[in-house]
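This report describes the fold content, the packing and the enclosed spaces of one structure. It also covers a few points of backbone geometry.

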Amino acid sequence: MKRFLTLLLTALLALTAVFAFAACGNEEENDNNEPENPGTSEVTGMTKWSEDLPILTFPAAAEKVDWIDTKDMNNEIKLMLSSLKAVVNSTQPRIYTVEADTDSVNWLQSLGYAAEDLTEHTSAVSLAVKYKDAIKGAVIWDVEVPDTVNLASTYAGIEGDLLVCSPMVYAVLAENGMELEIVRDFREDNFTGKADVYQYLYDNLWQQCTHKILTNLSYETPGYVRDYAIAAKSAIIWLSSGTTGNDTALIRKFLGDMEDGESALMGWFPEGDEGSFVSLASEYGVMVWASDIAENLTFYASATEVTPAQLAQVPTAVENKVYVALIVSDGDNLQYHQHRMRTLWDSYNNGSYADKFPLTWTFSPAAYAIQPQIMNCYTKNAGDNNCFMTGPSGVAYVYPRDWTDQNAVGKFYELTNKYCKLTGITVVNNWMGQGSYSSLTSEEIAAFGEYYTDLLAVYDQQGTGSKEGDGSVDSNGLLVGNLTWNYTQTGEGWNSYTYYIDEALDDLTRTQTPQFVTIQENPWKGTGMLNDLYALYDEWKDNENVVFVRMDELAMLQRLANGMSATR
Amino acid sequence: MNTFGQTKKRLLLALCAAMALCFALALLCMNVFAAGASITVRDGANVTVDIMNDDLLYEGAGSTGNGNRFADNTAFFTYKAQFSTRTDAFAIATVFKSTNGKIQISPDNESWTTVYYSTSSQDASYDAETYTQSVLERSGVSGYFYYDTDTVEVSGVAVSSDRLQLDIELDGSVAADGGVYIRFSANTNAGNGLDLRGLSLRQGDPTFVAPSGGVTRIDFNSVGSLYEDSGSKIGSMNGTTNRYADNSSYFVYKARFAEKTSSSETLLRLLWRGADRAIYASSSASDYEQLTAVFSLQSGDDYYEIFNLASYVGDSGDVYLKFADADTSNGNGANVYFAELCNNYAPYSSDNGYGQSDAGSKVDMAADTMVQAIDLADAGLYTVQQGTQQTANLGLTVHSGGLALHTQFDSTLTYAVSVPENADPERMYFRAETRDGNYRFSFSTDGTNFTPQNLASVTDGNVRFFSVPVATARAAAESGMLYIRLGCADTASDEQAFLLSLTLFVNRNYTDTLSLPTYYEFRQETIYAGDKEGIDLTDDSGYYQHSLSYRANTNNMDDAGYRYYDENSYGVYKLTFDTKACGLLLVMDIRGGYRISVSDDAQSWTDVLIGEVATVRAQTGDLSRDLKQANLSQLVDMSKGVLYIKVADASTDGGWGGAFTSLALLTVIESETATEAPVLFGEGKLNTAVPVYDPRLLEEDVNTSNAYLGRAIGADGSFTYKFELPSDARSFYIAMKETNIRVDISVNGSSYEELSRSGGNYLNDTNGYGSMETWNLTQYLGQSKTVYLRFSRLSAGTEAVLYTLYAGYNVTENAGTDYENKTYQAFIVGDPSEDKYLDSYDYTQMGTTNKYKEFNRTSYAVYKFAGDASAKTIRLIASVGNSFVLSVSADGVNFRDVVISDQQYYGQNFLSDTTVRDIAIDITALVGGSDTIYVKVADLVDDNDCGAQLRGIGIITMK
């Protein structure tokens, strides 16, 4: 009986998690019509490349969806399934997987699917059999040289309609009536190791791959973004950055062949490689989208109208007070939208502190093209206290100062301006470069003003610390300011935050001018982070000199304080 | 369309409906669990209720803390007691101080009578925080009880500083069928409610029953244990509670001897004091007569005395004992610390003068036991010596709740211990619980010349473990006697030395005395910790650890790969052997403070090994590991063919008990005629665990001997194996466990080169267990398929032992001829495709990841595929990594190895993905013609944790 109760409660909780986020789909989104995405061109089969972003978009998802939970599934099977998704979803998204171990979310009901439209599968093999007519053959990877997983995946993308199989998976499929033609067997190449594999890939396959995106993904990740990479004909590699070494030399070759400001690196990097890798990509003008555990991009990247985020109520005057905006970081990260952000969002919007304090979520406007369904769920359901700003540094994760071709930076700013406008985002979080910070140069400030013609403000992210004065300026009608307290992961409690406000109150007393405080939080602290922020809010909410505001509201107030109009 | 709002409404409805269902189910569950539990109390019995056990509750549960159950606000919990009759029913409840507790009793669980409640009081004369007013309305006691001191003197109520013991008479509330409900709750709907610390139920008179051949001790603390009380009081000395009766006060206990015949010995022994102390006895609780001690030993104010009750014990075995003051005009009455009833209990009998000091008496450690706890009360076991500075504080006294020995100044107490001649001088210990710092132990082997020594000891609270110095222990083994003397370290100080307990540990060496007959064979059976072990001999002790246990759900299996037994837990393992066996060698790979005993009937046990009893208590990290053996052929009845092995903790007062990795039994079977010569690789085997103990397999043998299951190398000694591999052998490996071993290799048997312990073909994992050194010797096959391996001492002056040796080879694999008509059968582990092929398995050491199943040590899986008699080629395909053996069989019984890993791999040296083999082998010759094909996957080396990582297996039949 106890077990039954446990199961029942578990089921109820799961049900609650599914429904806590309102369904965002509508009839138009589920039909077979061509998407009315304003930014797409260059048809690739049934998929299209965005006209200006390095993003492959897919047709509208099917009304009936096959879904499968792969969390406990064998990696070799998951790899085959990724290639199956790439083939099937490229025609019409109809296979959906639940993959993440933590912050796992099945979005299908949030996207508007009714239970009768969903078919759950427990065997990826039977799912493959269902779609066997769409498959023309198999590419075999060498289990004794595991990096051939990436080589075979890349090959499958180029060739099209192939399943990526280990010898054992091939045999299992054959037993189940899918004795596929072996189009390529990488065991025959007798590769000696990783370096050998990726050099081969560069020499023999890279020219046939798209150069819009390059995917850095461990062979240990058989699912997640892999289906999207295969569908996009991306080269899939697993190389580390660093200043020397064969890996770096080879990845520089790949990056060097990609177009500045028009290409992206997807997946992620080996442990601890983030800063140097983003910097390396930026050197080649390549944008970065963290997506190594982004799942179902071949499903989410289907055409959907995105409800633009709503601007806060426009203030008419700014007072001599301390204005505080609380920000959740890491919204540049595509998989974060799918997993952790959803956990935090549900907790914030449905928890005990719902709608009690303004909260600003960083969010990549690139989601407009690559996972519009996800973005729409957030923007459509956002209450008045939810605000959105970009993550660093706009439409993708880049360090603009590290770009060799500064003309390409302008192109990047134009893209950010465009997609912010499409999504209703008015404030940009910029991160000029990693490492020691130096203030924005006049040229950099001028460039913001030149390209961010539709935005209210750009805030640059410098190292944690306070500073004398807020340093904000008017650049061609754009407010250029600084975030004040960034990635406060070492705070670990509201006591440290309250110090930030104390300091601003001291400045207020001394200068009798408005003070603007931003506190950007580390989302990986979990939902306890929200408790910390709420405790801070609760501590100060009754202080007449402290006002908690959304980030766009703070931008408008700061514009007023700089003698600018609140809006443009 | 606002789908958000509609969805939310649907959600709310669904949630409400589901919550209602949950609530209904919860209520249903509560009723299911609430009904029925009752506690049966037989007449004369005293039942102690385990208040932490939910299953004993009749209704409600309250809350549980650390050893208590409490009820605040509206919470309550109810016990139902079932007595034999309606009268003489009592509940003895110990409650913690609270200002809002209540106890009620009821015959029907409806109409309640309050028997106890407590409230707070604002009486100005007491501190409000510590003052509690409690009212006990039944049992003839009512009034106020104050918790602010620890000396509350209220008749019938025993208290400490924070708890009260209530003897609640239940008569009047017991139903006709003997049932009564006892409910514990808060007095009002508020916190600080009833806090129950103990509960016992009794019907009839409280009676202490001495079992035949045993003893029982009277509990002075419990108010419920008194048969009659008239003004006695509770006191304490040296941490020991005593009950005393001065002037006209007295107290009576009822005792019962289980065996009462004309020849039965029915004794009472006391430790008590008081110049006017007096004890009276009666068989009827009237007409008491004063008793005179038959044995008396004075130590200062204390008297250890034994009384023979034979004249006063009635036919039923009952006797009433009344303690009083012989002179009612003043104090100094009976003040009793220790009272024990002995029924035909040999140490205290008229036969030995009730325990008279006698230098001839001694502690016998030469018998079957290696561990013996000394009964300090047995005055016959020790001798006292008054020093130059006479003291009354010498001999038996009381301390910390029990008996103790004490001495002062230069007076001493001495134990004489008989020691076996095969005593192990390296492992002779004693464990002593002492108090105060002024003690010193000294030793003698002749009983005359004592050498006081500042012994190194391992301290665990008041318990100290001492190692007898090796030279002394060796002399004791030779003389057969060891004298242990307790004295004071500072003989000028008046500070006493107290000894509260003493346990002796003497390990004995059962050396390998096997002498091999002319014709013989070896048989070996090994049990690894975590495998399916032995048999299940579960008893009711609560301490027995199921031996058929599995690593995943066994609470005493350590992740490091050993099974441990601490304190009173133990495991019994059963191994059988050929009744014709002439030699029986038990080898334990074990660590810690173990105690190994053997038996041929699981009843009477003989100790064969004890571990580092003393030193392990000082360990803070991993325990050092012992490989110990004993030849048991003289200790058990060999004709029974069965051996029970008990693994336990030598010192049961704490952790660090026995922890074993493996136990093995090697038997030697004598043959009348020459037996078939043993071979290194059995039929159909690519992999072997070489029986190193078998000298017949040696190519050369120079000054070596059996050691454990391995082989020891004497000075300038060596031994050599000759491996003759087939012509198509393409790989060769060995793995071993050793001490101080050098390995040389030769391809011609004459010129050898030493194997290097560096480089890529040598791997070692020093953190692991089992055979963790390995070489890949494939490179030598290019020169010859015959390989000689010679083992000798690495360091010439140090003993060298090769404990294990594994070896294996592969032959060139052939995938067979391809034919167009192919039939596939295949699975991926963890995928639904695996289920239909899995035939049998041992998963006790198996773990699963998203990539593979890892079969460690003796775990395995057998998969069953359909055969095809008409197939031209049958190809085995497999994806498997790490250290593996793949075998096939046509009948599921006789397996033939088809491929092994080329090397014994270790996880920390290799990523699992880099050892994977993509296997395709033609097995037509092995299973062709059969309608069934079995494929088995197992670990290459079965004594360590680096096992086969299986990803998938398939069979392709082709025509």
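The text below goes from whole chains to cores, spaces and single residues.

**Chains**

The model is predicted, and local features are given for residues with pLDDT of at least 70. Chain A is made of 19 helices and 22 strands, while chain B has three helices and 70 strands. The table sets out the totals for each chain.

| Chain | Residues | Buried | Contacts at 24 or more apart, out of those at 6 or more | Exposed area | Share from carbon and sulfur |
|---|---|---|---|---|---|
| A | 568 residues | 64% | 78% | about 20000 Å² | 46% |
| B | 959 residues | 55% | 74% | about 39000 Å² | 44% |

**Nonpolar cores**

In soluble globular proteins, nonpolar side chains tend to be buried together. Here the largest nonpolar core has 150 residues. The members that touch the most others in this core are Leu214(A), Tyr228(A), Phe254(A) and Trp361(A). Leaving out residues up to four places away in sequence, Phe254(A) touches Tyr198(A), Leu201(A), Tyr202(A), Trp206(A), Leu214(A), Ala235(A), Ile237(A) and Leu239(A). A second core, separate from the largest, has 49 residues, among them Leu271(B), Leu403(B), Val417(B) and Tyr439(B).

**Two helices of chain A**

Helix 16 of chain A spans residues 442–451. Its buried residues are Glu444(A), Ile445(A), Ala447(A), Phe448(A) and Gly449(A). The cover over these buried residues includes helix 15 (406–423) and strand 17 (427–430) of chain A. Strand 18 (457–460), strand 19 (473–475) and strand 20 (478–482) of chain A are also included in that cover.

Helix 2 of chain A covers residues 75–91, and Leu81(A) is placed in helix 2. Is Leu81(A) buried or exposed? Leu81(A) counts as buried because its relative accessibility is 2%, and the cut-off for buried is under 20%. Apart from neighbours within four places in sequence, Leu81(A) is in contact with Ile68(A), Thr70(A), Met73(A), Thr97(A), Ala124(A) and Leu127(A). One of these partners, Ile68(A), is 13 residues from Leu81(A) in sequence, with a C-alpha to C-alpha distance of 10.0 Å.

**Cavities and the largest pocket**

There are eight cavities of 30 Å³ or more in the structure. The largest cavity has a volume of about 160 Å³. It is lined by 15 residues, and those closest to its centre are Asn75(A), Trp141(A), Tyr219(A), Lys851(B) and Arg951(B). Helix 2 of chain A gives the most to this lining, with three residues. By class, the lining of the largest cavity consists of seven nonpolar, three polar and five charged residues.

The largest pocket holds about 830 Å³ of space. Which residues are the closest to its centre? Of the 32 residues in its lining, these are Lys685(B), Asn687(B), Thr688(B), Ala689(B) and Asp942(B). At least two lining residues come from each of strand 41 (520–528), strand 50 (687–689), strand 66 (884–889) and strand 69 (932–939) of chain B. The lining of the largest pocket divides into 15 nonpolar, seven polar and ten charged residues.

**Backbone geometry**

Most residues other than glycine have a negative phi, and most peptide bonds are trans. The following sites depart from that pattern.

The peptide bond from Pro392(A) to Ser393(A) is cis, and its omega is near -5 degrees. Ser393(A) lies in the loop that runs between strand 16 (386–389) and helix 15 of chain A. Helix 15 is also part of the cover over the buried residues of helix 16 of chain A.

In chain B, Asp88(B) has a positive phi, near 55 degrees. Asp88(B) is in the loop between strand 6 (76–83) and strand 7 (89–96) of chain B. Because its relative accessibility is 40%, Asp88(B) counts as partly exposed.

Asn109(B) also has a positive phi, near 65 degrees. The loop that holds Asn109(B) is between strand 8 (101–106) and strand 9 (113–120) of chain B. With a relative accessible area of 18%, Asn109(B) is buried.

Conventions. Residues numbered from 1 in each chain as written. Chains lettered and ligands numbered in written order. Predicted model: local features only at pLDDT ≥ 70, side-chain atom pairs only at ≥ 80, totals over all residues. Heavy atoms only, no water. Helix = DSSP H or I, 4+ residues; strand = E, 2+ residues; numbered from the N terminus. Buried < 20%, exposed > 50% of the residue type's maximum accessible area, 1.4 Å probe, protein only. Contact = heavy atoms within 4.5 Å. Areas by Shrake-Rupley, 256 points an atom, 1.4 Å probe, with all protein chains shown as cover. 1 Å grid on protein atoms, 1.4 Å probe; cavity = no way out; pocket = protein on both sides within 12 Å on 5 of 7 lines; lining within 4 Å. Points joined across faces, edges and corners; volume = space filled by probe spheres on them. Nonpolar A, V, L, I, M, F, W, Y, C, P; charged D, E, K, R; others polar. Core = buried A, V, L, I, M, F, W, Y, C linked by side-chain atoms within 4.5 Å.
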